[in-house]
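User: Please explain the labels attached to this model, setting each value against the rule behind it.

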Amino acid sequence: MKALITFTVVAVLLTFSTAASAQVERPSTASINYTGVFTRSTNSSGTINDADGSGGLFADYTYMFKKWAGVEGGYGWTHNSQSYSGSVGTAEVQENMHQVEGAFVYKPAFKRAGVRPYFLTGVAALRSEEH
């Protein structure tokens, strides 16, 4: 379940950050996005996992040092809490999730019907800390 939540957070953050930075043809752009993780409760083998919806922020900066090439970096944070209950009692886990990403941006000299494609290649790291 934790892996699914982590994957969902990463997918949402990367989708919104790249979509926001792709809209602008300026040499330097910055954006701040709100992100959310919305999960359902599950009941399996007598254990109930009740996950809360969580929200967070993602900040992104893109700098195009050439018309066709640039770099992009971002940082995201979200807070998540889950409670588990079963025959032996109840436990709650709260965690902060941090994401850092960096990428090379390539925009080929191709434009059709007002659309200019771009490509990203980069790395991202996700850290989860319970408290």
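**Labels and their grounds**

Analyst: Tyrosine 106 lies in strand 6, where a strand is a DSSP run of E of at least two residues, a helix is a run of H or I of at least four, and both are numbered from the N terminus. This is a predicted model, in which local features need pLDDT of at least 70 and side-chain atom pairs pLDDT 80 or more, while totals for chains, interfaces and linings use all residues. Residues are numbered from 1 along each chain as its sequence is written, and side-chain values use heavy atoms, without hydrogens or water. The chain has one helix and seven strands, in the order α-β-β-β-β-β-β-β from the N terminus.

User: Why is tyrosine 106 called partly exposed?

Analyst: The relative accessibility of tyrosine 106 is 35%. Buried means under 20%, exposed over 50% and partly exposed in between (1.4 Å probe, protein chains only), so tyrosine 106 is partly exposed. In the chain of 131 residues, 31% are buried.

User: How many aromatic pairs are there, and what makes tryptophan 68 and tyrosine 106 edge-to-face?

Analyst: Two aromatic pairs are counted. The ring centres of tryptophan 68 and tyrosine 106 are 6.2 Å apart, with the planes at 75°. Rings of Phe, Tyr and Trp (its six-membered ring) pair if their centres lie within 6.5 Å, and planes under 30 degrees apart count as stacked, over 60 as edge-to-face and the rest as tilted; the pair is therefore edge-to-face. Tryptophan 68 is in the loop between strand 4 and strand 5 and tyrosine 106 is in strand 6, so the pair ties together parts 38 residues apart in sequence.

User: Why is the pair of tyrosine 106 and phenylalanine 119 called stacked?

Analyst: The centres of these rings, tyrosine 106 and phenylalanine 119, are 6.3 Å apart and their planes stand at 25°, so the pair is stacked. This pair links distant parts of the chain, with phenylalanine 119 in strand 7 and tyrosine 106 in strand 6, 13 residues apart. Trp68, Tyr106 and Phe119 form one aromatic cluster.

User: Which residues form the nonpolar patch on the surface?

Analyst: Tyr61, Tyr63, Phe65, Trp68, Val71, Phe104, Tyr106 and Phe119 form the patch, with about 800 Å² of accessible area together. Strand 4 and strand 6 are the elements that give two or more residues to the patch. Tryptophan 68, for example, is partly exposed at 44%, which satisfies the patch rule of over 30% relative accessible area, with no salt bridge and nonpolar side chains (Val, Leu, Ile, Met, Phe, Trp, Tyr) joined within 5 Å, like charges within 9 Å.

User: How do you know that glutamate 129 forms a salt bridge with arginine 127?

Analyst: Their closest N and O atoms are 3.7 Å apart. A salt bridge needs a side-chain nitrogen of Lys or Arg within 4 Å of a carboxyl oxygen of Asp or Glu, and the pair of glutamate 129 and arginine 127 qualifies. The structure holds one salt bridge. Glutamate 129 is partly exposed at 28%, whereas arginine 127 is exposed at 54%.

User: What makes the phi of alanine 113 notable, and where does alanine 113 lie?

Analyst: Most residues other than glycine have a negative phi. The phi of alanine 113 is near 55°, a positive value. Alanine 113 lies in the loop between strand 6 and strand 7 and is exposed at 79%.

User: Which residues does histidine 131 contact, leaving aside its neighbours within four places in sequence?

Analyst: Histidine 131 contacts His79, Gln94, Glu95 and Asn96, contact meaning heavy atoms within 4.5 Å. Histidine 131 lies in the segment after strand 7 and is exposed, with a relative accessible area of 61%.

Note on methods
Areas by Shrake-Rupley, 256 points an atom, 1.4 Å probe, with all protein chains shown as cover.
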